[in-house]
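Subject: Structure for you to look at

Hello,

Please find below the structure I said I would pass on. My notes on what turned up in it follow.

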Amino acid sequence: MKVAVFFGSKSDTEIMRGAAKALKEFGIEYKAFILSAHRVPEQLTQTLKEVEKDGCEVIIAGAGLAAHLPGVIASQTLLPVIGVPIKGAIEGLDALYSIVQMPKSIPVATVGINNSYNAGMLAVQILSLKYKDIKIKLEDFRETMKENFIKENREGIEL
């Protein structure tokens, strides 16, 4: 397993599927866990130790409202943590602010509200620094993306 995906509530499952989709597109092995930083902190700590032991290299953590999960995880590991703010109160801005406002020396990379797909893509980019096969797939993905965009928009659009 190269990536661990954490989120605090079963209701976040659909949002977090985007991260899994991106990882699957690149053939990256992952495991997903529903664990709350507030309700089961001991289990979260134990699971973090287990995923590190299993060779995890990047963590994606989705959270809404107070959104402490990514920060709590970042405080307990040296692995890169990517936070996904999940829309809840005030359109998810509370979660976004909570995740990006980490104290110095405990960073959490953060993507847009509900954009777990981009969290998966950021994990792919991080892993591509170490794994040549992932880098090649990412280069191909980007080239295909550009070609498709040009093809779809070549003739202009009627307004």
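K21 and E25 meet through their side chains in a salt bridge, with 3.3 Å from N to O. Both residues belong to helix α1 and are four residues apart, about one turn of the helix. K21 is partly exposed, at a relative accessible area of 47%. E25 is also partly exposed, at 39%. Please keep in mind that this is a predicted model.

A search of the whole structure gives four salt bridges, and the K21–E25 pair is one of them. Another joins K130 and E57, whose closest N and O atoms are 3.3 Å apart. K130 sits in the loop between α5 (116-128) and α6 (132-153), and E57 in the loop between α2 and β3, so this salt bridge ties together parts that are 73 residues apart in sequence. The two partners differ in how they are covered: K130 is exposed, with a relative accessible area of 58%, whereas E57 is buried, with 18%. The cut-offs explain the labels, because buried means under 20% and exposed means over 50%.

E91 and K87 form a salt bridge as well, at 2.9 Å from N to O. Here E91 is exposed, with a relative accessible area of 53%, and K87 is partly exposed, at 45%.

Now the sheet. It is open and has five strands in the order β2-β1-β3-β4-β5, with parallel pairing. β2 (30-34) and β5 (109-110) stand at the edges with a single partner strand each, so one side of each has no neighbour in the sheet. In general, strands of a sheet pair through backbone hydrogen bonds, either parallel or antiparallel. For β5, the pairing is with strand β4 (residues 81-86), in the parallel sense and over two bridges. One residue pair to look for there is G83 and T110: T110, in β5, is the bridge partner of G83.

Two helices can be placed against this sheet. Helix α2 (residues 41-53) packs on the sheet and touches β1, β2 and β3. The direction of α2 makes about 165 degrees with that of β1. Helix α1 (residues 13-25), which holds the K21–E25 salt bridge, lies across β1 (3-7), β2, β3 (58-64) and β4. The angle between α1 and β1 is about 170 degrees.

On the surface, I90, L93, Y97 and V100 form a nonpolar patch. Together these four residues have about 380 Å² of accessible area. L93 is placed in helix α4 (residues 93-100). L93 is partly exposed, with a relative accessible area of 34%.

One last residue is V40, found in the loop between β2 and α2. Which residue does V40 come to within 9.6 Å of, C-alpha to C-alpha, with their positions 32 residues apart in sequence? The residue is G8, at 9.6 Å in space and 32 residues apart in sequence. V40 is itself partly exposed, with a relative accessible area of 33%.

Regards

Technical notes
Residues are numbered from 1 along each chain as its sequence is written. This is a predicted model: local features need pLDDT of at least 70, side-chain atom pairs count only at pLDDT 80 or more; totals for chains, interfaces and linings use all residues. Side-chain values use heavy atoms; hydrogens and water are left out. Two strands pair if DSSP finds at least two bridges between them. Contact means heavy atoms within 4.5 Å. Axes are lines fitted to C-alpha atoms, for helices over the stretch in contact, and angles run from 0 to 180 degrees between N-to-C directions. Patches are made of residues with over 30% relative accessible area and no salt bridge: like charges are joined within 9 Å, nonpolar side chains (Val, Leu, Ile, Met, Phe, Trp, Tyr) within 5 Å. Accessible areas come from the Shrake-Rupley method with a 1.4 Å probe; for residues, only the protein chains shown count as cover. Buried means under 20% relative accessible area, exposed over 50%, partly exposed in between (1.4 Å probe, protein chains only).
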